Structures are given as C-alpha cells and as structure tokens.
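User: Please take a close look at how the bound ligands are held in this model. I would like the contacts set out residue by residue, beginning with the metal in the first ligand.

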Amino acid sequence: MNIIELIDNMRAGKEAALARLISLAERNDPQLSDVMQNIQPQLGNAYTIGITGPPGAGKSSLTNQLTQQLRQQGYTVGIIAIDPSSPFTGGAVLGDRVRMEDHYLDPGVFIRSMASRGSHGGLARAAKDAIKILDASGKDFILVETVGVGQTELDVMQTVDTVAVVLVPEGGDAIQMLKAGLMEIADLFVVNKADRDGAPQIVSALKSILHLKYTTSGNITKRESAGDEVWEVPVVATQGISGEGVGEMLARINRHREFIQASGELEHRRKQRRREDLLSQLQYLMRETLEQACEESDDIHTLVNRVVAGDDASHAVIGKLLPLTLDYMQNQSKKL
Amino acid sequence: MQRKIRVLIAKPGLDGHDKGAKVLVNVLRDAGMEVIYTGLHQTAEMVARAAVQEDVDIVGLSYLSGAHIGLTQEVINALKEAGADHMKVIVGGNIPERDFSQLDTMGVAAIFAGGSSYDDIIGTFNDLVAA
Ligand code: B12
Ligand SMILES: Nc1nc2c(ncn2[C@@H]2O[C@H](COP(=O)(O)OP(=O)(O)O)[C@@H](O)[C@H]2O)c(=O)[nH]1
Ligand SMILES: [Mg+2]
C-alpha cells in the first residue's frame with residue numbers, strides 16, 4: 001500500500017493504517033519523510049499532555065483515569081506509553097497498557113506502547129513523530145507517558161503542551177526527582193497515592209518550595225511567565241486507582257491550556273519546538289556524518305588523531321579540520 | 001540493524017493463571033524482543049484490537065484453562081475481521097497433544113505445551129518473523 005493510501009485510510013479512521021504509520025516512524029523507514037510532509041497540513045489540532053515521573057508512581061493509572069474523564073466529555077484520545085528498553089538485550093516489557101484496560105474496546109481511544117530503544121535521540125524522534133501522526137489522525141487529546149529518567153525522556157516531555165510530573169509520598173524521592181531536573185519541566189505537580197501516609201506532607205512541602213520560588217522572582221522560568229503574568233505551578237493530590245482528584249488534575253491542565261493559549265505562550269512553544277526539532281535532527285545527522293568522516297577520510301583521521309594522541313591542541317587543528325569536514329559533509333549530502 | 005520483533009502476549013478467557021505468561025514475557029524481553037502484555041481476561045476482540053494498535057509481528061496466546069480451542073478460533077476470526085490476519089498466532093501453556101492438529105488447521109503458526117524449552121520458543125519466534 002502506498003503512503004497516500006495509508007494516510008487516507010488513517011484519516012478515515014482505520015486503526016491498522018494509523019498503527020502502521022507509527023511503525024514507520026519507529027523504524028525510521030525511508031518513506032517516513034514523505035509521510036511527515038503529507039500530514040503536515042493536518043497538524044496542530046490535538047492538545048498534548050505529558051505524564052512523567054518515577055517508575056511505579058501511577059502514571060499509567062492516571063493516564064487511564066484522565067482518558068476516562070476526557071471520554072466522558074466526548075473527546076477522542078491517543079495514548080503513547082513509553083517504557084525503557086533493556087540496555088543489555090535491547091528487549092523491553094511494555095506493560096502500561098494493562099492499566100488502561102477500561103479503554104481496550106473504546107473506538108475513541110488508541111493506545112500505543114513504545115520502547116525507549118536506548119541511544120541517541122532515537123526515541124525522542126520516533127515519539128515526536130508518533131505524536132504528530134496521532135494528531136493528524138484527528139485525536140482531540142494525546143497523552144504521552146514516559147518514565148522520568150534520562151535525557152531522551154525529558155526531550156519527549158519538551159514536545160508536549162502541558163507536562164504533569166507525578167510524584168508519590170514514599171521515601172523522600174519526590175525531592176530527588178526535583179533535583180533530577182523534573183522541576184524545570186513541570187507545568188503541574190501531581191502527588192499520586194494520596195491514600196498513603198505522608199501525602200499531605202509532600203503536598204505542602206512541594207507547595208512551600210514553589211511558593212519560595214514565586215516570591216523570589218529571579219527564579220521564575222520563561223516557561224512559567226507570559227508577559228506580565230506568571231503560571232504558578234499547582235500541586236494536586238490524586239488516587240490513580242479510584243480516580244479521586246483526577247477531575248481536579250484535568251481542570252488544572254485545562255486551566256494551564258487556557259493560560260498559555262491566551263498569553264500566546266502555546267503558539268510560542270510550538271514554534272520554538274519546531275525549530276528545536278529541526279535543529280536537533282540536523283545536529284544528529286551532522287554528528288553521524290562527522291563520526292563517519294573520522295573513519296573514512298585519511299586527512300581528517302590524521303588530524304583528529306594528533307589531538308587524540310595529545311600532540312596538538314584542538315585549537316590548532318580546527319582551522320584545517322573545518323574545511324575538510326565541511327567538504328566531506330557536502331559530498332555526503334549529494335548522496336542523500 | 002535487524003528490525004525489532006514486537007510481540008503481544010495475551011490471556012484470553014476467564015483463565016486466571018498468569019504466572020507462565022509473565023515468565024514468558026521476561027524470557028522474550030531477555031531475547032531482545034519488545035513484548036506487550038495485555039493482562040488477564042481478554043476477549044478475542046480485545047486481543048485483536050491491541051494487536052492492531054501495537055502493530056505486532058506475533059500474537060502469543062497463553063492458556064492453562066483448557067479453553068484454547070474455542071478461544072483461539074475466536075481470536076483468529078477477530079484478527080481477520082480487523083485486517084490483521086498477516087500476524088502470526090502462537091499458542092502455549094497447558095495444551096494437550098491431541099489438540100495440536102486442530103489448532104494447526106485453524107492456522108496457528110506454532111504450539112508450545114508446558115515444559116517447552118525457551119531456546120525453542122525464542123528460535124521459533126525469530127524464524128517466523130524472518131520468514
Ligand atoms: C500455580 C497454579 C495455580 C495458581 C495460579 C497462580 C497464577 N497467578 O498463575 C492458583 C492457585 C491461583 C490456581 C488456581 C486454579 N487452578 Co491452577 N494450577 C496451577 C499449577 C499448579 C501450575 C501453573 C503454573 O503457574 N506453572 C508455572 C508456569 C511458569 O508454567 P506454565 O504456566 O506452564 O507456562 C510456561 C509454559 O507453559 C509456556 N507458556 C505458557 N503460555 C504460553 C504462551 C505462549 C505463546 C508460549 C510460546 C509459551 C507459553 O511458557 C511458560 C513459562 O515457562 C497448574 C498445574 C500445572 N502443572 O500446570 C494448575 C492448573 C493449571 N490449575 C488448574 C485448575 C483447575 C485451577 C482452578 C480452577 C482450581 C479451582 N478449582 O479453584 C483455579 C482457577 C484459577 C483461575 N481463575 O483460572 C488445572 C487446570 C485444568 C484444566 N486444564 O482444565 C491445572 C492444570 C491443575 C490440574 N492438573 O488440575 N492454579
Ligand atoms: N495505593 C495506591 N496505589 C496506586 C495508586 N495509583 C496507582 N497505584 C498502584 O501503583 C502501581 C503502579 O501504578 P502504574 O500506574 O503502573 O505506575 P507507573 O509505573 O507510574 O505507570 C500499581 O500497582 C497501581 O495499582 C494510588 O493512588 N494509590
Ligand atoms: Mg506505566
């Protein structure tokens with residue numbers, strides 16, 4: 001089946017076509033660039049929500065509950081659930097789906113599991129493309145679940161409109177997660193497992209950390225401000241199994257959406273994201289080509305080795321190396 | 001690079017024995033496959049829909065309850081209905097030898113009764129996808 005037919009079938013609601021297109025993205029198929037260019041005019045209608053946090057925090061359960069609420073309001077939902085690949089075997093157990101069983105037969109919900117597949121921004125690219133494909137398929141909301149560790153997962157979170165960071169009362173790891181960089185990406189904090197001891201304490205601890213931040217204005221990130229207004233990151237307590245608090249969570253997400261829509265931040269983020277996306281893809285390709293140049297071009301290899309051996313300062317060879325590598329890249333690009 | 005094999009492991013019907021399915025999921029993961037587990041108590045429609053959405057190469061059905069004949073036929077029908085009859089269906093668990101030929105006739109690609117070796121299972125999965 002050709003790409004145009006596949007896209008038409010997807011737009012007509014054929015799930016097999018939608019699933020196949022996501023597979024092309026996952027495999028970085030040669031036809032992918034045609035696919036992405038063809039769906040480009042159909043993008044931008046879905047609202048994307050990221051759910052991240054440590055393993056076992058209840059992200060899948062909350063995704064399930066959010067989906068429930070969105071469906072009750074009549075919206076269609078696409079879900080991308082990402083689990084880590086084993087760094088040793090490359091295999092993965094993709095188990096998020098089990099918590100979303102309520103929606104297995106709902107025609108308005110499409111669930112896709114993805115493995116992080118380790119290295120070099122591969123996941124980030126495939127997940128971003130998968131989000132776009134779901135958008136083009138006409139889903140109203142796209143929920144993206146990732147495990148909140150590792151740079152690629154943070155990259156994925158940079159590509160959604162609203163990010164919810166899920167934490168749990170146990171073991172003070174909430175504070176660890178904040179240190180690990182999740183603070184910077186959160187538009188909303190969710191303290192899940194609110195049925196457990198220590199939940200109210202974590203909620204108030206988070207609130208006071210945030211309050212401190214907003215009262216010392218130097219710390220407000222660009223993410224949170226739009227013109228004169230500031231989005232004060234809210235903290236919501238939830239229970240992933242019963243659904244308690246999830247209505248509140250969705251209300252906060254919707255309020256964030258309205259905030260960034262009204263302030264122009266949403267459009268700004270989306271533009272910024274497209275630019276980042278493009279540049280990081282270019283950078284990735286260039287880096288690959290550069291590695292190849294070091295292997296294949298004797299001149300480049302020799303210069304690089306002088307630096308590797310400690311004989312020359314990098315500063316001293318750059319002048320010669322730059323034109324050589326640019327030449328090499330130009331020759332390579334003719335082959336593309 | 002070799003294409004990643006994607007597998008769905010499902011437990012159709014009312015059978016609550018999930019120990020074997022969970023062991024199998026980890027065995028396949030350790031063999032480098034991406035394994036999606038659906039959970040217990042799946043209807044044929046649920047299995048087929050998950051298989052389509054996940055665009056898997058292989059649908060593995062695990063039974064210890066004895067209901068494998070009827071349920072496997074239902075899953076195969078549902079896959080056909082969903083336009084996914086290219087996916088290979090593999091059956092395993094507590095499957096008596098007398099039922100093998102009937103499952104074969106339905107179009108099941110391989111059968112693994114309890115006690116099958118993991119090397120056999122992994123080898124068959126790899127071969128079926130490579131074929
Ligand atoms: C443990 C067990 C239980 C546990 C289950 C715990 C759990 N969460 O899994 C408990 C105590 C809950 C239980 C309950 C019952 N059990 Co029970 N149970 C067993 C027992 C002793 C072992 C099963 C097991 O876990 N084996 C270990 C795992 C690792 O091996 P496995 O399941 O065979 O899986 C391996 C392979 O078969 C293969 N495999 C499995 N699936 C697949 C799929 C594919 C695609 C592939 C490639 C390979 C593959 O790979 C797996 C990993 O090595 C068996 C007897 C037996 N020896 O099989 C009875 C048995 C399965 N139970 C039986 C019965 C009757 C019941 C009950 C109805 C009893 C009752 N009256 O209450 C209930 C029903 C529960 C339910 N809701 O379905 C009968 C089933 C008879 C039948 N076929 O009709 C058996 C056979 C016992 C018997 N001889 O009577 N049971
Ligand atoms: N006590 C309690 N357990 C929960 C809650 N939410 C989820 N769980 C359980 O926590 C475990 C992990 O949930 P899951 O959604 O898979 O977490 P994930 O790894 O972050 O996706 C499961 O056993 C859930 O049933 C909750 O609010 N309270
Ligand atoms: Mg999960």
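Analyst: The cobalt atom of ligand 1 takes one single donor from the protein, NE2 of H17(B), at 2.2 Å. The model is a predicted one, and the distances given here are computed from it. H17(B) belongs to the loop that runs between strand 1 (6-10) and helix 1 (19-30) of chain B. Apart from the cobalt, a polar side-chain atom of H17(B) is also 2.8 Å from a nitrogen atom of ligand 1.

Around ligand 1 there are 23 residues, and those that come nearest are G16(B), H17(B), D18(B), S62(B) and Y118(B). Y118(B) makes a polar contact through its side chain, where an N or O atom lies 2.8 Å from an oxygen atom of the ligand. At G93(B) the backbone is involved: one of its polar backbone atoms is 3.5 Å from a nitrogen atom of ligand 1. Two or more residues of the shell come from each of helix 1, strand 3 (58-63), strand 4 (88-93) and helix 5 (118-130) of chain B. Of these, helix 1 of chain B gives the most, with 4 residues. By class, the shell around ligand 1 holds 9 nonpolar, 11 polar and 3 charged residues.

Ligand 2 is surrounded by 17 residues, the closest being K59(A), S61(A), R99(A), D195(A) and G240(A). D195(A) places a polar side-chain atom 2.8 Å from a nitrogen atom of the ligand. An oxygen atom of ligand 2 is 2.8 Å from a polar backbone atom of G240(A), and an oxygen atom of the ligand is 3.1 Å from a side-chain N or O atom of K193(A). On its own ligand 2 has 580 Å² of accessible area, of which the protein covers 79%. The space that ligand 2 takes is the second largest pocket. Helix 4 (residues 59-72) of chain A supplies the largest share of the shell around ligand 2, namely 3 residues. The shell of ligand 2 divides into 4 nonpolar, 7 polar and 6 charged residues.

The remaining site to describe is that of the magnesium ion, ligand 3. Its protein donors are S60(A) through OG, D96(A) through OD and E145(A) through OE, at 2.1 to 2.2 Å from the ion. Along the chain these donors follow the spacing S-x35-D-x48-E. S60(A) is part of helix 4 of chain A and E145(A) is part of strand 5 (residues 141-145) of chain A, so this pair ties together parts that lie 85 residues apart in sequence. Helix 4 of chain A therefore carries the magnesium donor S60(A), and the helix also gives 3 residues to the shell around ligand 2.

Conventions. Residues numbered from 1 in each chain as written. Chains lettered and ligands numbered in written order. Predicted model: local features only at pLDDT ≥ 70, side-chain atom pairs only at ≥ 80, totals over all residues. Heavy atoms only, no water. Near = heavy atom within 4 Å. Polar contact = N/O pair within 3.5 Å; in protein donor to acceptor, adjacent residues only side chain to side chain. Areas by Shrake-Rupley, 256 points an atom, 1.4 Å probe, with all protein chains shown as cover. 1 Å grid on protein atoms, 1.4 Å probe; cavity = no way out; pocket = protein on both sides within 12 Å on 5 of 7 lines; lining within 4 Å. Sits in = over half its atoms within 2 Å of the grid points. Nonpolar A, V, L, I, M, F, W, Y, C, P; charged D, E, K, R; others polar. Donors = N, O, S within 2.8 Å, 3.2 Å for Na, K, Ca; no water.
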